[in-house]
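Work through the exercises below with the sequence and the coordinates at hand. Each task is followed by a solution in steps.

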Amino acid sequence: LTPEQRTALSEYICDSCHFVVVMTNNIDRAHRIFMILNDRGRPLQKKDILKAEILRATEPEHREAALAVWRDAEEQLGDQMDIFLSHLRAAFGYHRMQVIAGVRRVVCEAGSARAFVHEIFDPLAQAYAMILAAPDRDANVPQELRRVLCSLSRLSGSEWVPSALYVLSLDLAPARAREYLEEIERAAFLMRIACLGAGRRQTRFAKIVGLLSARDLPTPTDLYEPPREELRKIAYYLRDIHSRNAQVCKGLLLRLNDEMQPEAIHVSTSDYTVEHVLPQRPMATSIWRNWFPDSEERSALTASLGNLVLISQKHNGLARNDEFDRKKEIYSELG
């Protein structure tokens with residue numbers, strides 16, 4: 001700058017700018033305050049704070065290698081980086097802590113910033129990139145893992161992610177990793193069918209993470225078994241799962257479809273709607289009422305899982321309350 005510009009800048013700073021000092025002993029609270037005060041500029045995200053802190057703590061001679069690892073993760077994860085760091089701290093049992101504080105605890109337990117970057121951050125970032133890429137047909141995902149990762153990715157909520165990250169970061173053969181992921185998938189579906197809320201599901205999966213991180217790796221079948229009372233609820237709720245939770249119902253039907261049509265695993269729940277073959281409200285003159293004259297039996301059968309099929313919104317609108325022969329024609333158009 002010219003002397004005149006420097007003078008003008010200094011006068012502007014003295015006359016028009018203010019310094020705000022906020023004191024707090026909680027790094028996450030400090031970050032939140034900073035974002036509020038800095039909303040006219042570029043907000044500082046959790047990943048920015050942690051990146052600067054961890055790289056600064058890395059020995060100078062190892063800093064370039066650590067930076068290369070971090071940049072590779074940023075390139076692969078993009079705007080999912082903050083979410084990944086949240087899952088990372090949960091994968092080590094700190095899901096109740098704020099993200100920055102939790103990651104700092106993991107760094108401390110790793111022994112050094114360099115060890116954290118290479119032994120924890122890097123393998124878990126690669127694992128999360130695999131989870132995100134699984135629904136992409138062209139992604140480089142082991143075939144043994146693709147089906148189960150696609151199924152998990154369809155679920156709303158992400159409390160299952162930390163346990164899956166932990167499994168994928170272990171040095172397991174793909175077939176063995178699939179066994180653990182299938183138990184995680186089973187647990188995720190059972191919790192949803194039992195209508196457990198997000199908080200309770202997170203607590204259950206925290207226990208699964210604890211088992212996975214134990215000195216002796218448990219067998220896959222030891223990861224999760226719902227209480228007996230919950231199993232009774234699951235059996236009861238399956239009788240009318242669509243009216244209880246339409247999204248869970250769609251996910252369950254797609255999961256069943258995966259077994260019959262493995263090539264269809266890349267579809268999304270948003271691509272389909274649930275159709276009742278036996279209509280919920282058949283017309284008074286409909287043959288459905290002749291076939292199922294008892295109203296209680298008809299109601300129970302209508303709500304049952306076997307009466308539900310996945311079709312497009314367009315075909316659902318065509319089928320509506322039609323007779324069975326007409327519905328079969330519409331279904332056949334789906335191939």
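**Exercise 1.** By about how many helical turns are Arg186 and Glu183 separated in helix H10?

Solution. The model is a predicted one. Step 1: locate the two residues, which are 3 residues apart in helix H10. Step 2: convert this spacing to turns, which gives a separation of about one helical turn. Step 3: check the side chains, which meet in a salt bridge with an N to O distance of 3.4 Å. Step 4: compare the accessibilities with the 20% cut-off for buried residues. Glu183 is buried at a relative accessible area of 15%, whereas Arg186 is partly exposed at 30%. Step 5: look for a network of bridges; Arg147, Arg178, Glu182, Glu185, Arg255 and Glu259 are joined into one by salt bridges that share partners.

**Exercise 2.** Describe the salt bridge between Arg178 and Glu182, then the one between Arg104 and Glu53.

Solution. Step 1: take Arg178 and Glu182, whose closest N and O atoms are 3.8 Å apart. Both residues lie in helix H10 (residues 174–193), 4 residues apart, about one turn of the helix. Arg178 is partly exposed at 30% relative accessibility, and Glu182 is partly exposed at 33%. Step 2: take Arg104 and Glu53, where the closest N and O atoms are 3.0 Å apart. Arg104 belongs to helix H6 (residues 99–110) and Glu53 to helix H3, so this bridge ties together parts that are 51 residues apart in sequence. Arg104 is partly exposed with a relative accessible area of 39%, and Glu53 is partly exposed with 24%. Step 3: place both bridges in the total, which is 20 salt bridges in the structure.

**Exercise 3.** Which residues have the most contacts inside the largest nonpolar core?

Solution. Step 1: the largest nonpolar core has 77 residues, and Phe84, Phe116 and Phe121 have the most contacts inside it. Helix H7 (residues 113–133) supplies the largest share of this core, 11 residues. Step 2: another core, of 5 residues, lies apart from it, with Val277, Leu278, Trp288 and Ile311 among its members. Step 3: leaving out residues up to four places away in sequence, Phe84 touches Leu77, Phe121, Leu124, Ala125, Tyr128 and Leu165. Step 4: ring pairs link Phe84 into a cluster with Trp70, Phe116, Phe121 and Tyr128.

**Exercise 4.** Classify the aromatic pair formed by Trp291 and Phe324.

Solution. Step 1: the structure has 9 aromatic pairs. Step 2: in the pair of Trp291 and Phe324, the centres are 6.3 Å apart and the planes make an angle of 75°. Step 3: planes over 60 degrees apart count as edge-to-face, so the pair is edge-to-face. Step 4: Trp291 lies in helix H15 (residues 287–291) and Phe324 in helix H18 (residues 324–332), so the pair ties together parts 33 residues apart in sequence. Trp291 is partly exposed at 44% relative accessible area, as is Phe324 at 28%.

**Exercise 5.** Is Thr58 buried or exposed?

Solution. Step 1: Thr58 is found in the loop between helix H3 (46–57) and helix H4 (63–77). Step 2: its relative accessibility is 1%, so Thr58 counts as buried. Step 3: apart from residues up to four places away in sequence, Thr58 touches Arg63, Ala66, Ala113 and Arg114.

Technical notes: Residues numbered from 1 in each chain as written. Predicted model: local features only at pLDDT ≥ 70, side-chain atom pairs only at ≥ 80, totals over all residues. Heavy atoms only, no water. Core = buried A, V, L, I, M, F, W, Y, C linked by side-chain atoms within 4.5 Å. Buried < 20%, exposed > 50% of the residue type's maximum accessible area, 1.4 Å probe, protein only. Contact = heavy atoms within 4.5 Å. Phe/Tyr/Trp six-rings, centres within 6.5 Å; stacked < 30°, edge-to-face > 60°. Salt bridge = Lys/Arg side-chain N within 4 Å of Asp/Glu carboxyl O.
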